[in-house]
Amino acid sequence: MDSEERIGVYICHCGTNIASKVDIAEIVEFAKGMKGVIVAKDYKFMCSDPGQGLIEKDIKEYNLNRIVVASCSPLMHEKTFRKVCERSGLNPYLFTMANIREQCSWVHIDENAATEKAKALVAAAIRRSAFLEPLERREVSINPTTLVVGGGIAGIQASLDLAEAGKKVVLVEREPSIGGHMAKFDKTFPTLDCAACILTPKMVQVGQHPNIELFTYSEVEDVSGYVGNFKVKIRKKARYVDENLCNGCGMCMEKCPGTRVPRKGNVHERLSLGPTSAIYLPSMQAVPAVPVIDRNSCIYFQKGKCRICEKVCERDAINFDMEDEFHEFEVGNIIIAAGFQTFDPSVVIRYRYGLLPNVLTAMDFEIMNCASGSTGGKILKSDGTEPKSVGIIHCVGSRDKRYHEYCSRVCCMYALKFAHLIKEKTNAEVYNFYIDLRCFGKGYEEFYDRLLGEDVRFVRGKVGEITDLAIHPGEQGKLIIRVEDTLIGAVRRVPVDMVILATGLEAPEGLAELAKKCNVSVGKDGFIIERHPKLGPVATATDGVFIAGACQSPKDIPDTVAQASAASSAVLSMIMRGKIEIESATAEIDEERCSGCRICNDLCPYMAISFEEEKGVSVINEALCKGCGTCVAACPSNAITAKHFTNEQIFSEIEGLLQ
Amino acid sequence: MIEKDIVCEAGLEHNFLEEIYSLPGGAEIKKCIQCGTCTGSCPTSYVMDYGPRKIFSLIRAGFRDEVLNSNTIWFCSSCYTCTVRCPKEIKITDVMYALKRLAIKEGRTKGRKTAVLSQTFVSMVNKYGRNHETELMVRYILKAEFFNALKFVTQGWNLLSNGRLPFKPHRIKHINEIRKILKKVDELGEI
């Protein structure tokens, strides 16, 4: 160890978080005895103003050139203490943090053992700090264009916020129209305002905004680069109709002899589509109002003959030779607003979805109830008559370890909304079978109170099964719901004409792949993990990638819109800053030792390494390198060093741990 | 008590709900959220077949016989604790009275001493304009506790020797007016 090292060691009590398990005084004494340590002190809250002041003062007074703080996780306060060093004129990379809270006091019961472990952790940090080298701080500029993935209400809100602020947005939606789930709803809870009336103007605004470049029927193919400087590749799927030529006259759909075949067994599609032509518009309010040809239903694509749409189109917009196109963009930030999909209840066999025709999912009902659905908004059974009684089963696919452990958060409220709409339209008897009613939002409990007053029946108990086997009088021709009424303590058999399953929300298909492309992770529930569950709800662990809406966790419309605006404001703050500091701890190749084997080139997840033919060696683009260390471990000639994680630093750290 | 293991809806009386709603104070039970504050606060819930919370649940499910035959409505001592505490401001005690009246009307009072006591009390008021303890006790014991009458001797003697059982009833002035009120109330179905 170099005798020039002047190390200051600071042990934090973290209130009682650390001090209750670790003997702080003993650690301070122990640290004082280590080589190179000039001063060792403790304080109740090192991260507080006086705590930081203490370090600043010591750096000046003792002329310290290495700082070690033993406290919480670096995720929590490494930045804080690096800033302290910087303010005192010390390179921030000369700071080391020892985690004696999460990795010690919080996880150990025995106080003596915890103190011993804390000593080892502190020793490791001190030994490592002696070998630290100052690193240069690096800044990159931020491209003011933003990529928004998903054109539901979250993506629409985020895009409009950014576009209104004068920033360019590239909005990518995989369906043929933007609008997402909300566009399929008739009314929204708890105010019962019309979904189309509040959403359609926003959809149109997105379609017309000069700052928004809209890609529908498109998917994100690839994302590379880093914060401020992402490169994205978008696949625009062939819709066989030229968006620039089509004027949305609808003649093609009128004349199309084909019938769009709904996916097998999907009641929801059967209801929503009714019989539509093979060239179709997802809805009357679709943005853009450009039809799509469904290859699987199109007579020309299936049998090689027809092309009637092509003949009737006056604008020659139909193009059967259209192929998927690729577009590339440079963007500074990404907002993932990929939304959700609803749980498929056919796996819950006891509810007989798909087997009993009058058992519907929530989306089936939404679409039937929507004025633009196939029944024109009428609530009808499969035989075309109005139901006299309807049962709504809550928590289908939610709060169940076999499907999704979490609560889907919106089902209680939409179930109440359904109950109200059914009462209003048919005056049928409506039963809600629930475990708990979670009416947590503004005006939600009041809505529940209103429903109670409307004579909607509430039966507390999760439904055991739905059957059409009548064994009691009055059950013939009905769906019988067998349930324990847990508030009464009796098993009841409730005959109804129609059952609606309040299906939960789950991560949409392909979210994990999209997350991987953007270098963010999904949790075990399948939703994207936010940076911090409370204090970082729109950021992710990857700088420059933000999330909004139900792809983070199930959310209702008010929360989704709030999060979308929060995400866009976070992006705006990045754009306004113009520049951002990026990781200094990159990898470095020793040209003398590099054998030019190129193993590292393909392994680099950030594509930061390229091969220089002239010299016959690999070189690292520091702007792209994130310092992950993959190349360091893989290099067979030991030619690559990770700055801030050199062999010397790591070995001395290990020695410290074991001493 | 609920005797059937599995209750089919055909065996329940759905009109019961509307029937209760139409009773004075009855409509409010629509708003019950089954929190259990009433049963949790009730000083006599421990002897009841069902607590008040469950009574409302049974009403809403259509368990007519179970509700009207239960001892719950007769064990309500009208302390009004539930009514004061109910988060939905349901006048639970009033509903209990409504249920009592319905049970009496249908003759479901066999063996319900409380029913006898309350009916005797009302007839006392009707007769004198206020209660007459001695006559009330005698008439109640003869009707409801005939075979236990001897049990009350010591208690009666103690009350008598302390001047708590006056022999002469006290009549109020203008008794006809209170009778008119009671008659009107009876017509409205409130007694």
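**Exercise 1. Find the partner of A:Val491 across the chain boundary, then work out how the two strands run.**

Step 1. Look across from A:Val491 and you land on B:Ile6, which sits in E1(B). Helices and strands here are DSSP runs (H or I of at least four residues for a helix, E of at least two for a strand), numbered from the N terminus.

Step 2. Now the strands themselves: E24(A) and strand E1 (residues 6-8) of chain B are joined by 3 bridges and run parallel. Two strands count as paired if DSSP finds at least two bridges between them.

A word on the model before going on. It is predicted, so local features need pLDDT of at least 70 and side-chain atom pairs count only at pLDDT 80 or more, while totals for chains, interfaces and linings use all residues. Residues are numbered from 1 along each chain as its sequence is written, with chains lettered from A and ligands numbered from 1 in the order in which they are written.

**Exercise 2. Place that pair of strands in its sheet.**

Step 1. Write down the order: E22(A)-E23(A)-E24(A)-E1(B), an open sheet of 4 strands with mixed pairing.

Step 2. Pick out the edges. They are strand E22 (463-467) of chain A and E1 of chain B, each pairing on one side only.

Step 3. Get the twist, which averages 20° from one strand to the next.

Step 4. Check the other end of the sheet. E22(A) pairs with strand E23 (residues 479-485) of chain A in the antiparallel sense, over 4 bridges. There, A:Thr467 stands opposite A:Ile480 in E23(A).

**Exercise 3. Describe the side of chain A that touches chain B.**

Step 1. Count the residues: 20 of chain A are in contact with 15 of chain B. Contact means that the C-beta atoms, placed from the backbone, lie within 7 Å.

Step 2. Ask which elements contribute. Helix H14 (444-453), strand E21 (457-460) and strand E24 (490-496) of chain A each supply at least two residues to this side. E24(A) gives the most, with 6 residues.

Step 3. Sort by class: this side of chain A has 8 nonpolar, 4 polar and 8 charged residues. The nonpolar set is Ala, Val, Leu, Ile, Met, Phe, Trp, Tyr, Cys and Pro; Asp, Glu, Lys and Arg are charged, and the others, Gly among them, are polar.

**Exercise 4. Characterise the packing of H6(A) against H16(A).**

Step 1. Start with the geometry. The axes of helix H6 (residues 153-164) and helix H16 (residues 557-577) of chain A come within 8 Å and cross at roughly 35°. Axes are lines fitted to C-alpha atoms, for helices over the stretch in contact, and angles run from 0 to 180 degrees between N-to-C directions.

Step 2. Look at who meets whom. The residues on H6(A) include A:Ile153, A:Ala154 and A:Leu162, and those on H16(A) include A:Ile557, A:Val561 and A:Leu572.

Step 3. Tally the classes: the residues of this contact divide into 10 nonpolar, 5 polar and 1 charged.

**Exercise 5. Sketch chain B as a whole.**

Step 1. List the elements: chain B has 11 helices and 1 strand. From the N terminus on, the order is β-α-α-α-α-α-α-α-α-α-α-α.

Step 2. Split the chain. The domain assignment gives domain 1 (9-105) and domain 2 (113-187), with bounds from an automatic or database assignment. Their C-alpha centres lie 27 Å apart.

Step 3. Add the dimensions: the C-alpha trace of chain B spans about 55 × 40 × 30 Å along its principal axes.

Methods. Two residues are in contact if their C-beta atoms, placed from the backbone, lie within 7 Å.
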